[in-house]
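Got a protein on your screen and wondering where to start? Here is a quick briefing to read alongside it.

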Amino acid sequence: MSYNKERLEGKDLFDGSNEKLDVEVGPPVVVEDEKAFAEQRELKRGLQQRHIQMIALAGTIGTGLFLGSGRSLAAAGPVGALLGYLLTGILVSGVVLSIAELAALVPLTGSYVRYAACFVDPALSFAIGWNHVYAACVAIPAEITAAAVLISFWTTSVSNGVWITVMGLLIIGTNLFFIRVYGELEFGFSMLKIMLVVGSIIMGLCIDLGGVSGQPRLGFQYWRNPGPFVQYLGIEGSLGRFLGFWTTFSNAAYAYSGVETIAAAAAETKNPRRNIPKAAKRIFIRVILFYVLSIFIVTLIVPSNNSLLLKSTGTASESPFVLAANLAGIKAIPHIMNAIVLTSAWSSGNSTMLGASRTLYGLAREGHAPKIFLRTNRFGIPYISVGFVSLFMSLGYMTLQDSASNVFSWLQDLVSAAAIIAWMVICIIYLRFYYGCKRQGIDRSELPWAAPFQPFAAWMALLGFGLILLTSGYAIFIHGKWDIETFFSHYFNIPLIFLLYFGYKFTKGTKIVSLDEMPIRYFIDIANQNPEPEEVPAKGWRRINILWS
């Protein structure tokens, strides 16, 4: 395969220097490096290593775990909920392994949005980029809606519209000024979320094992009565139990959404070929520790037929851990949990706004969005991009006309569908890359990091999430259960992604990148000429911090 030498602009793709490299590079399909250089000049690098470590550790923990787990327990029962979150976590790990292998080789801002242009089709890059922005425009109202309802746990005399406005302004303000302000806030919020999860697990174990005065030992009592599964929608037999179990996948997808952002800061990560694979492997452990263990404890201490689980309040009183604390007579827990879950909603809104505004900035760099989104303020923040995404916060005011919990569930389903499509696209990009390596005779040992279980993990995640996406709204097709809002929230994203892809493809006349034309050797050459320094063994407290992070 021939390469065009003048296309290479320097090695700061990896270490920030401007020294030019004497290697040859690929065909015009390669994302232009000068665009990456411009991004690095205009955007500020205000996130320190401790910020990145803590955000990566707790970034996926949010209202989906604290509140959504109760919804899953009520629909599927203890065993159904546990299996749903566990299997979704396994599928998500396939996505993480795929994006990490790509990011270790090609650390670009915009991650999989940019990889789509390199390894599949520029039209797919356009479609998935705008799909990401769309998902954020829906997710942020979902989070500020959750925050408003959480505040109503303490007071009902003030309209939710006031709290929606306050939370929206806080998110906008955080994202319009120094990026370091965002980093410090996320560091603090992540610490609180980790403390809440660990504390909730310990509290749940104490309740289950009879460690609360006056309370009997529960053990696996609720697995036996009311039982391991729920007869979903009143459908008797194994079909009803299976349908309840299948319902958990949509809730779990919302809880796990955002886990793919491991690669979002690849271009700003020191030693990406070593650190990104480490983070990928640790994320799987975090999924097991935080999500699966939390759901397991929940199934032990709250019965699936608890009337409050079936009543969507939207406040912390809906959380299974709060229900368990109330059942055990622990009075202070609801207030503590409500306060920390409130910060997690703010944290999630901050993270989503940051990712969406930078994706929109990257789309403008690639010519996939108007150039006005490239404007930055004196703090290096793309303020037009932030302002555009902020406009959609007004969707949160729909809660003033309907039940806030209903609107939150509707927005949650929209976010879940968008997340599943993004995960499927990541798997498609990886599989194209994988078979491109085979076509060009590139051995996996030549890559900076070859993820384990590939391509089986990518195929498993692609097919699994494809099936979940198509069947997520199955309940509305049951006789007498049709609901137009539910149908829209589950399936709107499917025609949207096809409209974006084929609309751009036919308008711009783009072509699918052939396996022979993929610039894989180009990226390997850059990696080989820029070896990373050897890792210095850590000692003492620094070693403990690295192991934890």
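What follows is a short tour, from the whole protein down to single residues.

You're looking at a predicted model, where local features need pLDDT of at least 70, side-chain atom pairs count only at pLDDT 80 or more, and totals for chains, interfaces and linings use all residues. Residues are numbered from 1 along each chain as its sequence is written, and side-chain values use heavy atoms, with hydrogens and water left out.

**The whole protein**

- The protein has 20 helices and zero strands; helices (H or I, at least four residues) and strands (E, at least two) are DSSP runs, numbered from the N terminus.
- Of its 549 residues, 58% are buried, where buried means under 20% relative accessible area, exposed means over 50%, and partly exposed is in between (1.4 Å probe, protein chains only).
- Take the contacts in the protein with a separation of 6 or more: 79% of them join residues 24 or more positions apart. A contact here means heavy atoms within 4.5 Å.
- The accessible surface adds up to about 22700 Å², and carbon and sulfur atoms hold 64% of that. Such areas come from the Shrake-Rupley method with a 1.4 Å probe, and for residues only the protein chains shown count as cover.

**Inside: the nonpolar core**

- The largest nonpolar core has 157 residues. A core like this is a set of buried Ala, Val, Leu, Ile, Met, Phe, Trp, Tyr and Cys residues joined through side-chain atoms within 4.5 Å.
- Which members touch the most others in that core? They are Phe-119, Trp-423, Ile-429 and Phe-465.
- Skip the residues up to four places away in sequence, and Phe-465 touches Thr-88, Leu-91, Val-92, Val-95, Ile-420, Trp-423 and Met-424.

**Outside: a nonpolar patch**

- On the surface, Leu-83, Leu-87, Ile-90 and Met-460 make up a nonpolar patch with about 290 Å² of accessible area together. Patch residues have over 30% relative accessible area and no salt bridge; like charges are joined within 9 Å, and nonpolar side chains (Val, Leu, Ile, Met, Phe, Trp, Tyr) within 5 Å.
- Helix α4 (residues 68-105) is the biggest giver to the patch, with three residues.
- Met-460 sits in helix α16 (residues 456-471), and it counts as partly exposed because its relative accessibility is 37%.

**Helix α13 and what comes after**

- Helix α13 covers residues 333-365, and its 33 residues should span 48 Å at 1.5 Å a residue. The expected span is 1.5 Å times one less than the number of residues.
- The end C-alpha atoms of α13 are 48 Å apart, so the model agrees with that expected span.
- The rest of the structure largely encloses α13, because 24 of its 33 residues are buried.
- Gly-367, just after α13, takes a positive phi of about 80 degrees.

**Two buried polar residues**

- Is Asp-413 buried or exposed? Asp-413 is buried, because its relative accessible area is 8%.
- You'll find Asp-413 in helix α15 (residues 404-439). Apart from neighbours within four places in sequence, Asp-413 is in contact with Arg-71, Ser-250, Ser-489 and His-490.
- Ser-385 belongs to helix α14 (residues 383-390) and counts as buried, at 0% relative accessibility.
- With neighbours within four places set aside, the contacts of Ser-385 are Ser-357, Leu-360, Tyr-361 and Phe-373.

**Salt bridges**

- Side chains of opposite charge can pair when their charged atoms come close.
- How many salt bridges does a search of the whole structure find? It finds four, each being a side-chain nitrogen of Lys or Arg within 4 Å of a carboxyl oxygen of Asp or Glu.
- One of them joins Glu-101 to Arg-444, with the closest N and O atoms 3.0 Å apart. This pair links distant parts of the chain, 343 residues apart: Glu-101 is in helix α4, and Arg-444 is in the loop between α15 and α16.
- Glu-101 is buried at 2% relative accessible area, while Arg-444 is partly exposed at 23%.
- Another joins Glu-446 to Arg-521, with the closest N and O atoms 2.6 Å apart. Glu-446 lies in the loop between α15 and α16 and Arg-521 in helix α19, so the pair ties together parts 75 residues apart in sequence.
- Glu-446 is partly exposed at 29% relative accessible area, and Arg-521 is partly exposed at 23%.
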